Amino acid sequence: MFNDELHKEYMEFKRANNGDFTWWDYVNVKSDLKTALAFAKFFYPDVLEVEGCLILKDKFSREIFELWKEDCQNDKVCIEKMMNLYQVRDFFHINVDEKEDIEEQIKVLGNVLKVFWTLSLKDRFPERNIVVEVFEEDDGELFITVYEKK
């Protein structure tokens, strides 16, 4: 999924333990059960069906939905793409180490989310053609969105 060397702190822990250190060890040291459960929701997000549109629950706002319905002229794909759109960089913008170049990490996170969201949506909606798309804008910013292909 990604090269361990991308995560400098993990590699430091591994070196400090003479290579006898795993990702499970790292998660156990750095996190707790409540955070693990939160990440379960992050990688397997709740989905709402609103007027036939699949919307990621944590992105839903009735007011914004109504605005996109109007702007998209009730086009379901357009509404879903816009309602589910998120700038990948914004997921963890609060706890960023300013000394570290995070651009590669952001790209990896976008691709990891694509894999897990795709699997989770196929699991719940096997008969529907749901697309998880990661794309880069002209300014280099990475975005993720979800929509049902007609």
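These are my notebook entries on a predicted model of a single chain.

**Entry 1. Overall layout**

I began with the secondary structure and counted 6 helices and 5 strands. Read along the sequence, their order is α-α-α-β-β-α-α-β-α-β-β. I then took the box around the C-alpha atoms, which is roughly 60 × 35 × 25 Å along the principal axes. The chain has 150 residues, and 29% of them count as buried. For the accessible surface I noted about 10200 Å², with carbon and sulfur atoms supplying 53% of it. I also looked up contacts with a sequence separation of 6 or more; residues 24 or more positions apart account for 49% of these.

**Entry 2. The nonpolar cores**

I looked up the largest nonpolar core and found 17 residues in it. Which members touch the most other members? They are W117, I144 and V146. Four elements give two or more residues to this core: β2 (53-56), α6 (103-124), β4 (130-136) and β5 (142-148). Helix α6 supplies the largest share, 5 residues. There is also a second, separate core, which has 7 residues, including C53, I55, C72 and I79. I set one general remark beside this: in soluble globular proteins, nonpolar side chains tend to be buried together.

I followed V146 further. Leaving out residues up to four places away in sequence, V146 touches L56, W117, L121, I130, V131 and V132, and also E80, K81 and N84.

From the second core I picked C72. It sits in the loop between α4 (62-71) and α5 (76-83). C72 counts as buried because its relative accessibility is 6%, under the 20% cut-off. Apart from neighbours within four places in sequence, C72 is in contact with C78, I79 and M82. For C72 and M82 I noted a C-alpha to C-alpha distance of 9.0 Å at a sequence separation of 10 residues.

**Entry 3. T145 and E141**

Next I turned to T145, a residue of strand β5. Is T145 buried or exposed? T145 is buried, with a relative accessible area of 2%. Its side chain reaches the backbone oxygen of K81 at 2.6 Å. With residues up to four places away in sequence left out, T145 touches E80, K81, N84 and L85, and also V131, V132, E133 and F135.

I then looked at E141, in the loop between β4 and β5. E141 also counts as buried, at 17% relative accessibility. What does the side chain of E141 make a polar contact with? The partner is the side chain of Q87, at 2.7 Å. Beyond four places in sequence, E141 touches Q87, R89, F135 and E136.

**Entry 4. A nonpolar patch on the surface**

I searched the surface for nonpolar patches and noted one of about 490 Å². M1, F2, V115, F116 and L119 make this patch. V115 has its place in helix α6. I checked its accessibility: V115 counts as partly exposed, at 38%.

**Entry 5. Salt bridges**

A search of the whole structure gave 13 salt bridges. I went through three of them.

The first on my list joins R128 and E49, whose closest N and O atoms are 3.2 Å apart. This pair links distant parts of the chain, with R128 in the loop between α6 and β4 and E49 in strand β1 (residues 47-50), 79 residues apart. R128 counts as buried at 18% relative accessibility, whereas E49 is partly exposed at 48%.

Next came R62 and E51, whose side chains meet in a salt bridge at 2.9 Å, N to O. R62 lies in helix α4 and E51 in the loop between β1 and β2, so the pair ties together parts that are 11 residues apart in sequence. R62 is partly exposed, at 41% relative accessibility.

K69 also forms a salt bridge with E51, the closest N and O atoms being 2.7 Å apart. K69 is in helix α4, and the two residues are 18 residues apart. K69 counts as buried, at 18% relative accessibility.

Finally I asked which residues are joined into one network by salt bridges that share partners. The network consists of E49, K76, E80, R128 and E148. E80 had come up before, as a contact of V146 and of T145.

Terms used. Residues are numbered from 1 along each chain as its sequence is written. This is a predicted model: local features need pLDDT of at least 70, side-chain atom pairs count only at pLDDT 80 or more; totals for chains, interfaces and linings use all residues. Side-chain values use heavy atoms; hydrogens and water are left out. A nonpolar core is a set of buried Ala, Val, Leu, Ile, Met, Phe, Trp, Tyr and Cys residues joined through side-chain atoms within 4.5 Å. Buried means under 20% relative accessible area, exposed over 50%, partly exposed in between (1.4 Å probe, protein chains only). Contact means heavy atoms within 4.5 Å. Patches are made of residues with over 30% relative accessible area and no salt bridge: like charges are joined within 9 Å, nonpolar side chains (Val, Leu, Ile, Met, Phe, Trp, Tyr) within 5 Å. Accessible areas come from the Shrake-Rupley method with a 1.4 Å probe; for residues, only the protein chains shown count as cover. A salt bridge is a side-chain nitrogen of Lys or Arg within 4 Å of a carboxyl oxygen of Asp or Glu. A polar contact is a pair of N or O atoms within 3.5 Å; within protein, one must be able to donate a hydrogen and the other to accept it, and residues adjacent in sequence count only if both atoms are side-chain atoms.
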